[in-house]
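Biologist: Please give me a close look at a single part of this model, with each term explained as it arises. I should like one connected account that ends with the setting of that part in the whole chain.

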Amino acid sequence: MISQTQPPLSLASKQSQSHRPLVKCFIANQDALKSFFRRAVGEQADADDLFQKLLLKALKIECTDHIDNPLAYGYRMAHHLVIDHHKEQSKYPECLEHEPLSTELSLENLLDHEQRLRLYQQVLTQMPTLRRDVFIRRRLHGESRQQIAQSLGLSEEAVKKHISRAMDMLKDAISEFIAD
């Protein structure tokens with residue numbers, strides 16, 4: 001009778017046996033590695049995800065015999081994962097700050113990414129030119145209100161109002177879409 005606590009020896013099990021020293025080292029030092037990730041990316045969930053990616057990368061390494069210091073190697077791998085994470089994050093702007101929240105339905109569950117993107121693009125094309133320009137500069141290009149105000153000859157308060165009104169337009173469009 002096969003014990004349920006020990007999985008049958010498979011190719012994956014044999015493969016993980018050969019990587020055991022590296023993976024064991026990372027698991028034994030997971031608090032320190034996760035702390036490194038947390039400091040680098042700011043979010044615990046992201047740190048946990050990056051630690052999982054680190055373990056997966058360790059499992060894919062075919063030969064660990066050449067690694068003299070597994071923990072130092074792990075930190076080097078972690079550093080590269082953080083760089084990749086930041087590159088990935090910079091490709092996609094953060095969620096809209098004023099995206100409406102619903103206690104009944106999650107916007108993430110209701111609209112997939114492409115639908116939201118199409119809706120946002122549609123709303124952007126309906127905005128007055130100046131409002132759209134201010135909004136894009138602030139939200140997509142990350143320019144400060146002061147930079148936008150100076151380059152467009154507006155007050156910072158006017159820039160703030162344009163951003164707020166653009167967000168209201170997006171919020172209204174999303175609410176209308178959800179109601180349909």
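Modeller: Helix 9 and helix 10 are roughly perpendicular to each other, a label given to angles of 65 to 115 degrees, whereas those under 35 are roughly parallel, those over 145 roughly antiparallel and the rest oblique. The two helices pack at about 110°, with their axes 8 Å apart, and helix 9 covers residues 145-152. Such axes are lines fitted to C-alpha atoms, for helices over the stretch in contact, and the angle, from 0 to 180 degrees, is taken between N-to-C directions. Helices themselves are DSSP runs of H or I with at least four residues, strands are runs of E with at least two, and numbering starts at the N terminus.

The model is a predicted one, in which local features need pLDDT of at least 70 and side-chain atom pairs count only at pLDDT 80 or more, while totals for chains, interfaces and linings use all residues. Residues are numbered from 1 along each chain as its sequence is written, and side-chain values use heavy atoms, with hydrogens and water left out.

On the helix 9 side of this packing, Arg145, Gln146, Ile148 and Ala149 take part; they meet Glu156, Val159, Lys160 and Ile163 of helix 10, contact being defined as heavy atoms within 4.5 Å. Sorted by class, this contact holds four nonpolar, one polar and three charged residues. Here Ala, Val, Leu, Ile, Met, Phe, Trp, Tyr, Cys and Pro count as nonpolar, Asp, Glu, Lys and Arg as charged, and the others, Gly among them, as polar.

Helix 10 also packs against helix 8 (residues 129-140), at an angle of about 95° and with 9 Å between the axes. That angle makes helix 8 roughly perpendicular to helix 10. From helix 8 come Leu130, Arg131, Val134, Phe135, Arg138 and Arg139, which meet Val159, His162, Ile163, Arg165, Ala166, Met167, Met169 and Leu170 of helix 10. The residues of this contact comprise nine nonpolar, one polar and four charged. Val159 and Ile163 thus meet helix 9 and also meet helix 8.

Those two residues are among the buried ones of helix 10, together with His162, Ala166, Met167, Leu170, Ala173 and Ile174. Buried means a relative accessible area under 20%, exposed means over 50%, and partly exposed lies in between, with a 1.4 Å probe and protein chains only. An α-helix has 3.6 residues a turn, so residues three or four places apart point the same way.

Which span should the 24 residues of helix 10 have at 1.5 Å a residue? The expected span is 1.5 Å times one less than the number of residues. For helix 10 this gives 34 Å, and the end C-alpha atoms, 34 Å apart, agree with it.

Two further residues of helix 10 are less enclosed by the classes above. Ser164, which is found in helix 10, is partly exposed at 37% relative accessible area. Its C-alpha atom is 9.6 Å from that of Arg131, although the two residues are 33 apart in sequence; Arg131 is one of the helix 8 residues that meet helix 10. Phe177 lies in helix 10, residues 156-179, and is partly exposed as well, with a relative accessible area of 35%. Phe177 and Arg116 are 61 residues apart along the sequence, and their C-alpha atoms are 9.8 Å apart in space.

As for the setting, the protein has 10 helices and zero strands. From the N terminus on, its elements run α-α-α-α-α-α-α-α-α-α. Of the 180 residues in the protein, 27% are buried. Among contacts between residues at least 6 apart in sequence, 64% join residues at least 24 apart.
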